[in-house]
Amino acid sequence: MNKPLEILYEDEYLVAINKPHGLLVHQSSIARNADEFAVQLLRDQIGQRVYPAHRLDRKTSGVLLFALDKATNQSLTQQFTDKTITKKYWAIVRGFAPDELTIDYALRKDNGVLQDAVTKIKTVQRAEIDLPFGKHSTSRYSLVEAEPITGRMHQIRKHMAHILYPIIGDRPHGCNKQNKLWLEKFGMKTMLLHAHSLTFTHPKSLEEITLSAQPSEIFKEVTRLLNIEL
């Protein structure tokens, strides 16, 4: 990366960044072609070791929290385990999504094990644009706020696909026809999922902290195209 990571918060115990789309949190066997990782970039940028307190998909942008020592990391990890941390995401999805819905749908791991998975969603705004698609003369979309209660791999992506409101730009869980439409009409390859806020208890001061991150320029561009206000 040419420019430094955007730091949202920093003190002697914690640091949080706005992770860009396409950046892996750390080295992974499923993405051997990558040579840059948030852990190493942030370590080099601030000059000290960092411990990721949670994960974001490579294709997901937004708030990513790190501890600066093992004790703080353990405390944050426990908060995630206890589900006392609130994570909220923005997603642009196909169709007019429900006003509010709790998706309680178990997801299967790669090894076949079924895990319970719960996501709350709320539609923030809907949009209809003059973009013919299939039998329809227009295309409908929604800006959805998603709050995962559990933390399963690709949970929001899989849950939105399960209820038939897939996230635009999501591969492989999204709608291939919609993804092709957005690529051909707008040159858009980015998945429109952004971790916009994270609320947690500071391990040392015990105060409640809410961090928020602005979405990428591509995400903002799409909202302008859809006449959606963030």
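**View 1. Pro172 and the cis bond in the loop after helix 3.** In this predicted model, Pro172 sits in the loop that runs between helix 3 and helix 4 (176–186). The peptide bond joining Arg171 to Pro172 is cis, with omega at about 15°. That is worth a second look, because most peptide bonds are trans. Both Arg171 and Pro172 are also among the contacts of Arg157, which gets its own view further down.

**View 2. Leu164, a positive phi just past helix 3.** Stay in the loop between helix 3 and helix 4 and you'll find Leu164 there too. Leu164 comes just after helix 3. Its phi is positive, about 70°, even though Leu164 isn't a glycine. Is Leu164 buried or exposed? Leu164 counts as exposed, because its relative accessibility is 58% and the cut-off for exposed is over 50%.

**View 3. Lys83, a positive phi in another loop.** Lys83 belongs to the loop between helix 2 and strand 5. Here again a residue other than glycine has a positive phi, this time near 60°. Most residues other than glycine have a negative phi. With a relative accessible area of 49%, Lys83 is classed as partly exposed.

**View 4. Helix 3 and what it packs against.** Zoom in on helix 3 and pick out its buried residues: Gln155, Ile156, Arg157, His159 and Met160. What do these buried residues pack against? Their partners are strand 5, strand 6 (100–104), strand 7 (107–108), strand 9 (118–129), strand 10 and strand 11.

**View 5. Arg157, a buried arginine in helix 3.** Arg157 is part of helix 3. It has a relative accessible area of 3%, so Arg157 is buried. Its side chain makes a polar contact of 2.7 Å with the side chain of Asp170. Leaving out neighbours within four places in sequence, the contacts of Arg157 include Asp57, Lys59, Ile167, His173 and Leu193. Met191 is another contact; its C-alpha is 9.9 Å from that of Arg157, with 34 residues separating the two in sequence.

**View 6. Gln155, also tucked into helix 3.** Gln155 has its place in helix 3 as well. Why does Gln155 count as buried? Because its relative accessibility is 3%, and buried means under 20%. Setting aside neighbours within four places in sequence, Gln155 touches Leu107, Ala117, Val118, Thr119, Pro148, Ile149 and Thr150.

**View 7. Ala91 in strand 5.** Ala91 is a strand 5 residue, and it's buried, with a relative accessible area of 1%. Look for Ser142 in this view: it lies 51 residues away along the chain, and the two C-alpha atoms are 8.1 Å apart. Ser142 is one of the residues in contact with Ala91, and so are Leu143, Val144, Ile167, Leu192, Leu193 and Phe219, not counting neighbours within four places in sequence.

**View 8. His196 and its polar contact with Trp90.** His196 is found in strand 11 (residues 193–201), and at 11% relative accessibility it counts as buried. The side chains of His196 and Trp90 make a polar contact of 3.5 Å. Other contacts of His196, beyond four places in sequence, include Val63, Lys88, Tyr89, Glu145 and Leu211.

**View 9. Leu42 and the largest nonpolar core.** The largest nonpolar core has 29 residues, and Leu42, Val50, Phe66, Met160 and Ile167 are the ones that touch the most other members. Strand 2 (14–19), helix 1 (38–46), strand 4 (61–67), strand 5, strand 10, helix 3 and strand 11 each provide at least two of its residues. Helix 1 gives the most to this core, with four. Around Leu42 you'll see Leu5, Ile7, Val15, Ile17, Gly47, Val50 and Phe66 in contact, leaving aside residues up to four places away in sequence. Apart from this core there's another, with 16 residues, among them Ala127, Leu131, Leu143 and Ile168.

**View 10. The largest pocket and its lining.** How much space lies in the largest pocket? The volume comes to about 1200 Å³. Its lining is made of 36 residues, with Arg55, Leu56, Asp57, Arg152 and Met153 nearest the centre. Helix 2 (70–81), strand 5 (86–94), strand 10 (139–148) and helix 3 (155–162) are the elements that each give two or more residues to the lining. By type, the lining has 15 nonpolar, 11 polar and 10 charged residues.

Methods. Residues are numbered from 1 along each chain as its sequence is written. This is a predicted model: local features need pLDDT of at least 70, side-chain atom pairs count only at pLDDT 80 or more; totals for chains, interfaces and linings use all residues. Side-chain values use heavy atoms; hydrogens and water are left out. On a 1 Å grid over the protein atoms alone, a cavity is a set of points where a 1.4 Å probe fits but cannot get out, and a pocket is an open set with protein on both sides within 12 Å along at least five of seven lines; lining residues have an atom within 4 Å of a point. Grid points are joined across faces, edges and corners, and a volume is the space filled by probe spheres set on the points. Ala, Val, Leu, Ile, Met, Phe, Trp, Tyr, Cys and Pro count as nonpolar, Asp, Glu, Lys and Arg as charged, and the others, Gly among them, as polar. Buried means under 20% relative accessible area, exposed over 50%, partly exposed in between (1.4 Å probe, protein chains only). A polar contact is a pair of N or O atoms within 3.5 Å; within protein, one must be able to donate a hydrogen and the other to accept it, and residues adjacent in sequence count only if both atoms are side-chain atoms. Contact means heavy atoms within 4.5 Å. A nonpolar core is a set of buried Ala, Val, Leu, Ile, Met, Phe, Trp, Tyr and Cys residues joined through side-chain atoms within 4.5 Å.
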